[in-house]
Amino acid sequence: MSNVAAAAVADSANVEPAGLGDVQYLHQQQLMANGHERPEGDRCPICFDLIEFPVAKHSTINVCCMKTVCDGCIFAARQRGMGDRCPFCRTPFPADDTAQLAMIQKRVNKGDAEGITFLGNKYFYGKLGLAKDVSRAIELWTEAAELGSLDAHHNLGATYFTGKGVEVDKPRGIHHWQEAAMRGHVDSRRNLGTVEYNNGNHQLATQHWMIPAKMGNEQSLNAIKDMFKDGLVTKAQYAEALLGYRDAVEETKSPQREEAKRLRV
């Protein structure tokens with residue numbers, strides 16, 4: 001068993017595993033003890049309910065205020081004749097890419113962490129008429145991460161870990177995922193589970209994936225299910241993940257959201 005996997009086993013007995021220094025061991029404990037609740041950014045600012053995963057599929061981020069509004073509230077706003085403006089701040093939607101970019105820049109100028117992250121995304125992919133510029137994207141994401149954006153940490157983690165546009169730096173990428181995971185960022189936590197699984201640390205991978213599974217993340221639940229089929233997870237562990245997943249998904253449902261799904265809003 002590896003040192004990292006041994007840490008997961010020893011944690012329950014409150015015994016420091018051999019091979020891990022005090023700082024590493026305490027950091028591992030902190031990583032697993034925190035981030036079990038979804039961040040406030042995953043809540044719709046209108047109905048205040050958590051948004052179903054994947055969040056981008058069931059909501060829209062509005063560049064005027066950088067608020068992520070769920071499909072249910074968007075549907076309700078359209079029923080009230082407000083389909084031409086942001087349901088949250090009532091600002092008319094931008095007419096084109098130029099107007100959209102101007103709104104984003106306005107948020108950036110105000111030091112809005114999510115606005116800065118959003119602009120970084122556009123530079124990374126070369127959208128809204130911007131030339132693709134990975135260096136500029138990383139610069140913006142770094143600034144946003146320092147301001148507290150979990151998505152920025154996640155993006156930096158993915159970029160450094162995979163080496164997309166930069167030199168591969170897996171420890172640096174993992175560090176950014178850890179920072180986001182400890183504050184409830186599901187995709188970052190799921191990625192940490194994948195890293196541990198690929199390293200053969202199956203118990204630690206299970207611990208990582210159990211957290212987002214109980215938040216309603218289907219990918220993490222399926223990962224635990226596959227490990228159960230392979231005999232790497234107990235029946236009790238899989239049942240715990242499944243029940244937690246079902247409870248979390250149920251909490252994201254509402255009549256408005258279900259109607260929006262039916263009508264494909």
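Here are three short exercises on helix α4 and residue I116 in a predicted model.

**Exercise 1. Work out how far α4 reaches, and what lies at its two ends.**

Solution.
- Start with the length: α4 covers residues 97-109, which makes 13 residues.
- Next, take the span expected at 1.5 Å a residue, which is 18 Å.
- Compare this with the model: the first and last C-alpha atoms of α4 are 18 Å apart, close to that expectation.
- Now look at the start of α4, where a side-chain oxygen of D96 comes to within 3.2 Å of the backbone nitrogen of T98.
- Finish just after α4, where G111 has a positive phi of about 75°.

**Exercise 2. Decide which residues of α4 are buried, and where on the helix they lie.**

Solution.
- List the buried residues of α4: Q100, M103, I104 and V108.
- Look down the axis of α4: these buried residues fall within an arc of 145°, so they line one face of the helix.
- A helpful reminder: an α-helix has 3.6 residues a turn, so residues three or four places apart point the same way.
- Turn to the other side of α4, and you meet the exposed residues T98, K106 and N109.
- Ask what covers the buried residues: α5 (113-125) is included in that cover.

**Exercise 3. Is I116 buried or exposed, and which residues does it touch?**

Solution.
- Place I116 first: this residue sits in helix α5.
- Check its relative accessible area, which is 0%; under 20% counts as buried, so I116 is buried.
- Leaving out residues up to four places away in sequence, I116 touches V108, G111, L140, E143, A144 and L147.
- Take L147 as a case: I116 and L147 are 31 residues apart in sequence, with their C-alpha atoms 9.5 Å apart in space.

Key. Residues numbered from 1 in each chain as written. Predicted model: local features only at pLDDT ≥ 70, side-chain atom pairs only at ≥ 80, totals over all residues. Heavy atoms only, no water. Helix = DSSP H or I, 4+ residues; strand = E, 2+ residues; numbered from the N terminus. Expected span 1.5 Å × (residues − 1). Buried < 20%, exposed > 50% of the residue type's maximum accessible area, 1.4 Å probe, protein only. Arc of directions from axis to C-beta. Contact = heavy atoms within 4.5 Å. Polar contact = N/O pair within 3.5 Å; in protein donor to acceptor, adjacent residues only side chain to side chain.
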